[in-house]
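Reader: I have a chain open here and would like to go through it with you. Can we start with the charged pairs and then move to the fold?

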Amino acid sequence: MKKSIFLILLFCLLNLSYASDSGSIVVFGEAENSVLSDEWQLNLDFSMKERTRDNLIKEYNKVKEEVYKKLSSFGIKENDIKTQGFALNPWYEWENNSNVKKGYQLSHSISIKRDKFDVINKIIVALTPINGINIGYMSHMLKADTREKEMNKLYAKAYSSAMIKVQAILDASGKKLKRLEMISEDLNTSSHPMPMYDKAMNMMSKAAPRGAEEANINLSLVPLDVNLSLNLKVVAAFE
């Protein structure tokens, strides 16, 4: 009975490994963890249309000045604002089976990165009433030092998992470890969408219609976890 259980366990291990060539085996070690985000990127989109190009540029500069002034009040400098995309094109609409030029349209996507979440909340509330600017999406991330720290933890877990499999296979086959020929890693990072994001946007629109001077909103979004998973490939030579 014990022998049967051992063979089953060995079979499971072998399913997670294979021979790369004569005298070596390949195993995989996995590790995963969820870490509370400590850095956030908010994406904003300018979007507007006007009959003439001059009026469009004038309106854009007006809205941009208002938005940047609001951002400045939260300690965000202009060089902290990164442009993700900019386009100014003729504006057409389909009428009577043909494209009819109506004017011009402009889109400008920017992003802001912050490590204080309460500032993100305040920015969303402050910008919602402004015509011509839309709240895009938020990325929940990890600072570089936090990411490196968590990566080291994952690597240690995945390496331990892989070496346990290597040793089990060697013990079962009566072989000895000669050397590790290769170690490669594959890291995946993900975070869930902001909870109730659409509901929050609808709530803000009702509380502060476009063009209102202030948003009377009690909005409290929360930081989300960043999910990390590491797959470690280990090639071991035996003798």
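Author: Fine. This is a predicted model, and a search of the whole structure finds 7 salt bridges.

Reader: What is the N to O distance between E95 and K102?

Author: The closest N and O atoms of E95 and K102 are 2.7 Å apart, and the pair forms a salt bridge.

Reader: Are those two buried or partly exposed?

Author: E95 counts as partly exposed because its relative accessibility is 28%. K102 is partly exposed too, with a relative accessible area of 21%; buried would need a value under 20%.

Reader: Which residue does K153 pair with?

Author: K153 forms a salt bridge with E150, with 3.6 Å between the closest N and O atoms. Both are in helix α4 (residues 144-173), and they are 3 residues apart, so about one helical turn separates them.

Reader: Why does that spacing suit a pair?

Author: An α-helix has 3.6 residues a turn, so residues three or four places apart point the same way. Side chains of opposite charge can then pair when their charged atoms come close.

Reader: Is E150 buried or exposed?

Author: E150 is buried, at a relative accessible area of 9%. Its partner K153 counts as partly exposed, at 41% relative accessibility.

Reader: Which residues are joined into one network by shared salt bridge partners?

Author: D115, K116 and K143 are joined that way. Within that network, the side chains of D115 and K116 meet at 3.8 Å, N to O. D115 counts as partly exposed, with 37% relative accessibility.

Reader: Staying with α4, how many residues does it have, and how far does it reach?

Author: α4 has 30 residues and reaches 43 Å from its first C-alpha to its last. The expected value at 1.5 Å a residue is 44 Å, so the two are close.

Reader: Which of its residues are buried?

Author: The buried residues of α4 include T146, M151, L154, A158 and I169. E150 and K165 are also among them.

Reader: What follows the helix?

Author: G174 follows α4, and its phi is positive, near 75°.

Reader: Changing topic. What does the whole chain look like in secondary structure?

Author: There are 5 helices and 8 strands. Along the sequence the pattern reads α-β-β-β-α-β-β-α-β-α-β-α-β.

Reader: How much of the chain is buried?

Author: Buried residues make up 35% of the 239 residues. Of the contacts with a separation of 6 or more, 81% are between residues 24 or more positions apart.

Reader: Which residue comes within 6.8 Å of S24, C-alpha to C-alpha?

Author: V235 has its C-alpha atom 6.8 Å from that of S24, although the two are 211 residues apart along the chain. S24 lies in strand β2 (residues 24-36) and is buried, with a relative accessible area of 1%.

Reader: Next, the sheet. What is the strand order in the one with 4 strands?

Author: The order is β4-β5-β3-β6, in an open sheet with antiparallel pairing. β4 and β6 stand at the edges with a single partner strand each, so one side of each has no neighbour in the sheet. The twist averages 20° from one strand to the next.

Reader: How many bridges join β3 to β6?

Author: 7 bridges join them, and the two strands run antiparallel. One of the bridge pairs is L44 with I135, the latter in β6.

Reader: Which strands does α2 lie across?

Author: α2 lies across β3, β4, β5 and β6, and runs at about 155° to β3. α3 also packs on the sheet, where it touches β3, β5 and β6, and its direction makes about 165° with that of β6.

Reader: Which residues of α2 are buried?

Author: L56, Y60, V63, V67, Y68 and L71 are the buried residues of α2. They cover an arc of only 135° around the axis, which puts them on the same side of the helix.

Reader: What do they pack against?

Author: The buried residues of α2 pack against β3 (39-50), β4 (81-95), β5 (98-114), α3 (117-127) and β6 (133-141).

Reader: And which exposed residues sit on the face turned away from that side?

Author: That face of α2 carries D54, K58, K62, E65 and K69, which are exposed.

Reader: Last one: how far apart are the end C-alpha atoms of α2?

Author: They are 28 Å apart, which agrees with the 28 Å that 20 residues (53-72) should span at 1.5 Å a residue.

Technical notes. Residues numbered from 1 in each chain as written. Predicted model: local features only at pLDDT ≥ 70, side-chain atom pairs only at ≥ 80, totals over all residues. Heavy atoms only, no water. Buried < 20%, exposed > 50% of the residue type's maximum accessible area, 1.4 Å probe, protein only. Arc of directions from axis to C-beta. Contact = heavy atoms within 4.5 Å. Salt bridge = Lys/Arg side-chain N within 4 Å of Asp/Glu carboxyl O. Pairing = 2+ DSSP bridges. Axes fitted to C-alpha atoms, helices over the stretch in contact; angles between N-to-C directions.
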